[in-house]
Amino acid sequence: MKTNRLQFNISAWPISQQAVPNKSARLVIQDDFSQVSADVLASSVQSIIADCPNEIIVDVGKIDVIDSSGLRALLVAAQRCSAAGIGFRLENVSACVARIAGISGLSEILGLSECDVPKISIKHDIDLRQENWKTQQFVAESSAQMVGEMRDKIVAQAREAGASGIKLCDIKIAIGEAIANAFRHGSTDSGINLIRVKCRTCKEAFWVEIEDEGETFDPDSVPEPDPNILKDHGMGIYIMRHTMDVVEYSFNHPGNRVRMVKWLVDD
Amino acid sequence: MRLAHDGKISQVASTITYKQIRNDLNRYEVGLLLSIGLGLTGSVIALARLRRVAGAISKLVVFSNAVAAGDYRRRIKIKNDYKLALLGDRLNELARSLMRNQRILEEQAEMVAGMLSATRTTSYSSDVDECGKAIAKALCSYAGASDVCVYLKNDDAALVTAGRSGRRIGADGKRIAVHVADCGEYVILAENEKDGESGGHLVGVPLSDRGKILGTIVARFGKELTREQIALGSPRADILGAFALQSAAALSNIDLRERAAEHSATLDEWSQHTAALLQVMSAISPACEIDEALDALTKAAASALKTTGCAILLPDVQNRLTPRACYGKACKPEEILSYRVSQQAYNEKRWVSFDNGRESTDDAHRDECTLYEIGGLLAAPLIINDEAIGAITIFDAKPRKFSSADGDLLMSIALHAAVVLRKAEIFTTESTVAQTLQRSLVSSVPKTCRGVQFCGRYTCGAKDVRVGGDFYDVTPLPDGCVAVAMADVSGKGLNAAIHLAASKYMLKALARAYPKDPAAVLKALNEAINDCFEQNFFITLFHGVIDPEDRSLIFANAGHPPGIITNKAGGMHSCLLGGGIPLGTGWPHSYENYTAKLSHGDILLLYTDGVTDAIKDGERLELEGLHKMLFEIGPCSGDMLVSKLMLRLDSECGLDGRDDVAALTVMLEERAETFENKPIAVQYQRVAD
């Protein structure tokens with residue numbers, strides 16, 4: 001069982017007096033923040049609330065990026081704390097986590113400062129000749145464990161191509177969302193399902209193509225999410241469209257294929 | 001009435017007078033009376049005479065009725081009347097003649113019936129001699145001949161006796177036979193009296209069928225038959241002629257039947273011969289290796305000739321035959337005296353046999369045959385292009401007289417088998433050389449080299465293609481790095497192995513010359529192959545350089561399937577894309593270097609297209625199928641991964657034959673650890689009082 005492979009280290013944490021004078025609970029996100037770990041966070045927050053701490057602090061300093069599932073888990077935790085009259089805040093928030101929260105309109109709820117929503121830009125003077133591009137291909141078995149690893153592999157390619165700062169952050173967010181979607185929606189019940197990723201990089205752009213084996217769907221039929229409505233899914237496409245410069249869907253490959261481009265140079 | 005002179009009828013009745021009528025009546029009366037008187041006298045006399053004649057005539061009538069009824073023995077004698085007596089004598093003569101003719105006819109009928117019966121006998125005869133005897137006997141029995149001899153032409157057109165009845169015909173008879181056989185005429189020759197016997201006649205009758213003279217019947221008739229009775233045109237001569245025709249037809253049919261039977265027997269023999277030959281050829285043809293072919297040949301030859309054992313002997317350097325393959329109880333793998341017969345067959349290039357070794361005049365040989373239970377033995381040389389390359393020897397535990405057909409069959413088997421054996425020998429030689437070459441080329445991957453683990457597997461293609469063109473190689477480089485290569489050389493057999501050897505060692509040299517630049521290695525190798533081999537072959541090649549220190553991989557690819565890096569968990573693959581054209585196509589090409597990082601636990605898998613071209617469920621595996629197969633194998637070490645992959649390919653795709661399959665895994669040594677670690681996703685610490 002997949003969940004059996006996860007180990008949770010629950011131990012007492014002596015809150016330093018100068019840092020937290022009253023009784024409080026501190027949760028440290030140790031690793032990738034995937035669907036499973038998001039569920040674990042939600043149940044953990046619920047059990048901590050039963051101990052009636054003054055405040056729950058979630059330390060996300062060890063995670064670089066978070067996807068919409070993780071974001072939703074943080075949102076659920078925050079709302080449960082609010083309902084129980086317990087304080088909730090995030091600590092050591094990375095730029096990427098702050099950015100996805102901002103894109104999703106959840107900065108305020110999560111106690112984060114607002115950030116600018118990215119603009120979609122189109123470049124017209126990029127040399128797209130084949131020889132200038134470096135191509136990488138990854139194939140993964142569709143499983144929760146592979147989402148983060150595959151994202152890191154692809155992001156490494158973007159970083160190697162020169163992506164940095166907010167652009168790299170956007171790429172991380174979008175790739176995470178796309179792979180998570182491929183895992184969640186692109187797997188059939190029979191046999192092993194593959195997620196195929198091909199990325200091409202050059203100095204000017206990062207190009208990625210992610211294929212799954214799931215049933216086709218119409219991305220335009222997915223409504224824009226309302227951050228106050230805690231839906232299980234539905235934010236991924238919205239986030240991808242707001243983080244990448246080009247997002248295209250095509251179908252029958254044999255499943256779905258999303259192709260995204262991020263320009264690495266400014267206008 | 002009277003006729004007038006002018007031809008008209010005139011009425012005269014009115015002119016005849018009564019007086020004239022009266023005078024006429026008186027004259028008639030006188031004449032009448034005289035006539036009556038004379039008539040009465042004559043009648044008396046005639047009546048007396050008639051009484052005697054009527055009796056004679058009555059006897060004649062009775063006699064003629066009796067003769068007409070077939071009583072030819074009856075005779076008549078008439079005394080009273082000379083003429084009737086003469087008539088009676090003539091009738092007696094006629095009856096005698098009829099009786100004689102009847103006897104002749106009866107004799108002829110009897111002769112004809114006998115001849116017909118004889119004709120049936122001759123027709124039913126199954127061989128020529130039997131028929132000849134039947135002809136001679138029939139002529140003696142039914143045609144009145146005392147001695148008969150039947151002569152037939154043999155294949156040399158000489159006359160030979162086919163049947164005889166009675167005494168010998170003698171020289172005259174033979175001369176008549178020769179003459180008749182030449183001219184085809186009916187001949188009569190009067191014989192002189194001798195030994196106190198009065199001479200008869202010799203008659204020669206041709207035996208002719210559809211215009212072809214098969215021979216002569218010569219019959220001797222005694223003096224009781226006149227020349228006229230047997231002369232041409234006589235009934236006897238006609239019957240003889242007709243009988244000769246029938247006999248000739250019967251003889252001809254027998255000849256045809258005998259020839260047909262001979263042909264049928266020949267065809268049967270050929271059919272059996274061919275079937276046995278086919279049986280042997282079908283048994284040995286599939287064999288590729290010489291030993292395999294020899295074993296199959298011994299079994300098949302023993303079976304075809306229904307013997308208990310068979311041996312194949314091949315010459316050594318002194319041209320002395322030594323047993324190379326053996327089958328059966330009587331066959332001995334060591335040199336035995338009986339093999340002298342094989343040596344004789346080999347030396348003289350003909351089949352040689354003995355019927356029973358246990359009756360050999362050579363004491364040692366007799367003892368040997370008794371000991372080894374060798375009865376009959378037949379040996380034939382294995383000949384190619386008029387050169388003996390060995391001998392095949394069949395044994396029978398029981399005494400057996402091998403016929404010339406057996407010898408011919410073994411010679412045929414030997415002739416055909418020699419060709420197969422020569423090809424198998426050539427194949428084995430080439431295959432052995434090629435396999436030795438390739439084994440030295442393929443299997444030299446070290447288990448570890450400078451902290452990198454390697455594990456390779458190679459499977460040949462089809463059974464009859466023992467040498468493929470795939471190879472993999474690991475070369476330690478002077479700067480502490482390790483070069484790894486996977487290649488597929490076009491072609492099969494010895495040529496592919498030679499090209500493979502040349503490519504491999506040029507690659508090794510160039511890898512050391514350009515230790516950090518795989519693309520330069522490929523470029524130089526491409527030029528070298530283009531220059532040296534003139535596009536005789538091409539090669540796809542993946543060449544990479546691993547730096548164990550920083551776990552980096554620099555690689556270049558010349559048309560080879562992309563390498564795959566599997567992560568530690570076995571759930572994700574990175575495909576090493578990029579590359580250029582195969583080497584040796586005749587075109588200069590600049591290849592590019594690509595880089596990759598080998599993380600802890602990663603396994604680099606290199607393979608040839610035999611893997612992705614393998615057929616699973618009727619379709620090529622392709623790269624996607626390989627990915628799925630690797631995911632199903634799951635996380636494991638490099639050697640386990642390649643072993644499991646080859647096992648699955650063999651069980652699911654059946655590596656039986658279309659292509660060679662090679663696979664090599666590369667894994668950094670320090671990560672050769674268990675795969676039981678589980679990732680920690682979330683750790684939370686809870687504040688407690």
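# Reading strand pairs, helix packing and confidence

Student: In S9(A), which residue is the bridge partner of A:Ala205?

Tutor: The partner of A:Ala205 in S9(A) is A:Trp263, and you should keep in mind throughout that this is a predicted model. As a general idea, strands of a sheet pair through backbone hydrogen bonds, either parallel or antiparallel. Here strand S7 (residues 205-211) of chain A is joined by seven bridges to strand S9 (residues 257-263) of chain A, and the two run antiparallel.

Student: In what order do the strands form the open sheet that holds S9(A) and S7(A)?

Tutor: The order is S8(A)-S9(A)-S7(A)-S6(A)-S5(A)-S18(B)-S17(B)-S20(B)-S23(B)-S12(B)-S11(B), with antiparallel pairing among these 11 strands. Strand S8 (246-250) of chain A and strand S11 (448-449) of chain B each have a single partner strand, so one side of each is left without a neighbour in the sheet.

Student: Which strands does H4(A) touch where it packs on the sheet?

Tutor: H4(A) touches strand S5 (134-141), strand S6 (194-201) and S7 of chain A, together with strand S18 (572-576) of chain B, and its direction makes about 10° with that of S6(A). H5(A), for its part, lies across S6, S7 and S9 of chain A and runs at about 175° to S9(A).

Student: At what angle do helix H4 and helix H5 of chain A pack?

Tutor: Helix H4 (residues 144-161) and helix H5 (residues 165-185) of chain A pack at about 145°, their axes being 9 Å apart, and the crossing is right-handed. Residues that make the contact include A:Val147, A:Met150 and A:Ile154 of H4(A), and A:Leu168, A:Ile171 and A:Ile175 of H5(A). By class, this contact of H4(A) with H5(A) has 12 nonpolar, one polar and three charged residues.

Student: Turning to chain B, which are the edge strands of the open sheet of five strands?

Tutor: They are strand S13 (470-476) and strand S19 (594-597) of chain B, each of which pairs on one side only. The five strands follow the order S13-S14-S15-S16-S19, with antiparallel pairing, and the twist averages 20° from one strand to the next. At one edge, strand S16 (residues 552-558) of chain B pairs with S19(B) over four bridges in the antiparallel sense, and there the partner of B:Ser552 is B:Lys597.

Student: Why is strand S15 of chain B described as largely enclosed by the rest of the structure?

Tutor: Eight of the nine residues of strand S15 (residues 539-547) of chain B are buried, so this strand is largely enclosed. Strand S14 (residues 482-489) of chain B pairs with S15(B) in the antiparallel sense over eight bridges, with B:Ala487 standing opposite B:Leu541. S15(B) is also joined to S16(B) by seven bridges, again antiparallel, and in that pairing B:His543 has B:Ala556 as its bridge partner. S15(B) and S16(B) form a hairpin with four residues between them, and B:Arg551 in the turn has a positive phi of about 60°.

Student: Over which residues of chain A does pLDDT stay under 50?

Tutor: The general idea is that where pLDDT is low, the predicted coordinates should not be read in detail. In chain A, pLDDT stays under 50 over residues 1-21, for which the model has 27 contacts beyond four places in sequence, and over residues 118-124, with 11 such contacts. For chain A the mean pLDDT is 75, and 76% of the residues reach 70 or more.

Terms used
Residues are numbered from 1 along each chain as its sequence is written. Chains are lettered from A and ligands numbered from 1 in the order in which they are written. This is a predicted model: local features need pLDDT of at least 70, side-chain atom pairs count only at pLDDT 80 or more; totals for chains, interfaces and linings use all residues. Axes are lines fitted to C-alpha atoms, for helices over the stretch in contact, and angles run from 0 to 180 degrees between N-to-C directions. A crossing is left-handed if the near helix is turned anticlockwise from the far one by less than a right angle, and right-handed if clockwise. Two residues are in contact if their C-beta atoms, placed from the backbone, lie within 7 Å. Ala, Val, Leu, Ile, Met, Phe, Trp, Tyr, Cys and Pro count as nonpolar, Asp, Glu, Lys and Arg as charged, and the others, Gly among them, as polar. Two strands pair if DSSP finds at least two bridges between them. pLDDT is the predictor's confidence in each residue, from 0 to 100. A residue is buried if 20 or more other C-beta atoms lie within 10 Å of its own, exposed if 12 or fewer, and partly exposed in between; C-beta atoms are placed from the backbone.
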